[in-house]
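Here are a few exercises to help you find your way around a new structure. Take a look at it first, then work through the tasks one by one.

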Amino acid sequence: MDSQALISPNNGNSDGRPVTVVIVGAGHRSLIYASYAKKHPEHMQIVGVVDPDGERRALTKEKFELQDECCFADIEELIAKPKLADAVINGTMDHLHVSTTIPLLRAGYDIMLEKPIGVSADEVLELYQEAERLGRKVMICHVLRYAPFYESIRQTIADGVIGDIVSITTEENVTYHHMAMAYVRGKWGRLDKGGSSMLMAKSCHDLDVMAWMKGDIQPVKVSSFGSLLQFRPEKAPLGAGTRCLVDCSIEESCPYSARKHYIDQRLWGAYVTYNTHLGVTLSDEELAELLRTDSPYGRCVWHCDNDVVDHQTVIVEFADGSTGTHIMTGGTSRRGRTIHIIGTKGEIQGEMEEGAYFVWHPDARKGHIYSEQRIEVGVTEDMHGGGDLRLVADFVKVLKGAAPSISSTSLEKSLHGHLIGFAADQSRLEQRTVELQRV
């Protein structure tokens, strides 16, 4: 399917009206998905918001011109009223995903749910069973499936170009500034705060891609290794303080300087400064004062309360004997996602950010070793390779009655990557290979 068809869905059993949606959890990711309604109001309309923060509710109300009676502090207020919309974008924090989604399903809403689905295998399977029982549609925001890079690779495999998959190797390099913001200083730095391990918060996309590439062949065994190696107090350089702008003598030369990241370069503003994604702005002076005082983002990366890993490797065995490996490393100089798939007839290798991949086949003719084809798929500045709004477009199409695309992230098609991730964390902690239950 071409890119434009995904971005502007015109097919399906439409009644001519846009799909109506309530935002639950008006955070950064929810507002990215909701922006589709601004670009394509003929296909989707935001009609309500649920968020416990009054300022965030008010800003969302203003942004989407909502009525007072369609703005709620919690989902109990929403579901106490007659059904307000066709669907919900659920962008709450990880540990709230399942506990908020199940009541919404019971109230009659279809759901687009931010990843990860939940924080344990048991609650993810509970959600799956409830959605099946109720006959509701749940689509998981595994946006990488919709990136043209991965979608094209998946279609190439489906077309049999490289034969049956023998092994898959994926790699995700998490930049030093992203690592510091999210998994050291920020919301996902501690398991008891963010609800998810770093593997599940960051790389459940990649584990999902691995399982998706294998189609109907299920993963059966998982082993994993990893640790918190870098961002610990005993690793702090000489002269490091507790807050970058308060007591650090090496701030000017430190690559993790909060001033450099958040003031000079204005990186990660949607996370570091509250409600930036809804139009709130701070001056350099105001931001500096926050970083000096109570903002968690002003802390030294070697003196935080973080406890999640900063690197992890996952090894998977599938039911047909093929294998997969995922390598996640935090603190790298540049970001990048790579994939290398070896099949019985050829290979695929590429890096998403390059906007192209190679297909290789053995070529035993005299003077040859292999043939090479470069497939150009394009790339955008979007961190997810252009997948965010393409996912929303497919969700709208499905709600209008169209068949899901090859990238479909329906709940039942999104379980295996999550089960790999939960088993990987169990394997790492228990230092053993974990066998997966069959779903």
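**Exercise 1: a buried pair**

Glu151 and Arg390 are both buried. Keep in mind that this is a predicted model.

Task: work out what joins the side chains of Glu151 and Arg390, and where the two residues sit.

Solution: Start with the contact: the two side chains form a salt bridge, at 2.8 Å from N to O. Next, place the partners: Glu151 belongs to helix H7 (residues 148-158) and Arg390 to helix H14 (residues 388-399). They are 239 residues apart, so this pair links distant parts of the chain.

**Exercise 2: buried or partly exposed?**

Task: sort Arg299 and Asp305 into buried or partly exposed.

Solution: Buried means under 20% relative accessible area. Arg299 has 16% relative accessibility, so it counts as buried. Asp305 has a relative accessible area of 28%, so it is partly exposed. The side chains of these two meet in a salt bridge of 3.1 Å, N to O.

**Exercise 3: the faces of a strand**

Task: find which side chains of strand S9 (residues 311-318) are buried, and which strands S9 joins.

Solution: Go along the strand and watch the side chains alternate. Gln312, Val314, Val316 and Phe318 point to one face and are buried. His311, Thr313, Ile315 and Glu317 point to the other face and are not buried. Now the neighbours: strand S8 (residues 219-227) runs antiparallel to S9, with 8 bridges between them. Strand S10 (residues 323-332) is also antiparallel to S9, joined by 7 bridges. As a spot check, Val314 stands opposite His326 in S10.

Note on methods: Residues numbered from 1 in each chain as written. Predicted model: local features only at pLDDT ≥ 70, side-chain atom pairs only at ≥ 80, totals over all residues. Heavy atoms only, no water. Buried < 20%, exposed > 50% of the residue type's maximum accessible area, 1.4 Å probe, protein only. Helix = DSSP H or I, 4+ residues; strand = E, 2+ residues; numbered from the N terminus. Pairing = 2+ DSSP bridges. Salt bridge = Lys/Arg side-chain N within 4 Å of Asp/Glu carboxyl O.
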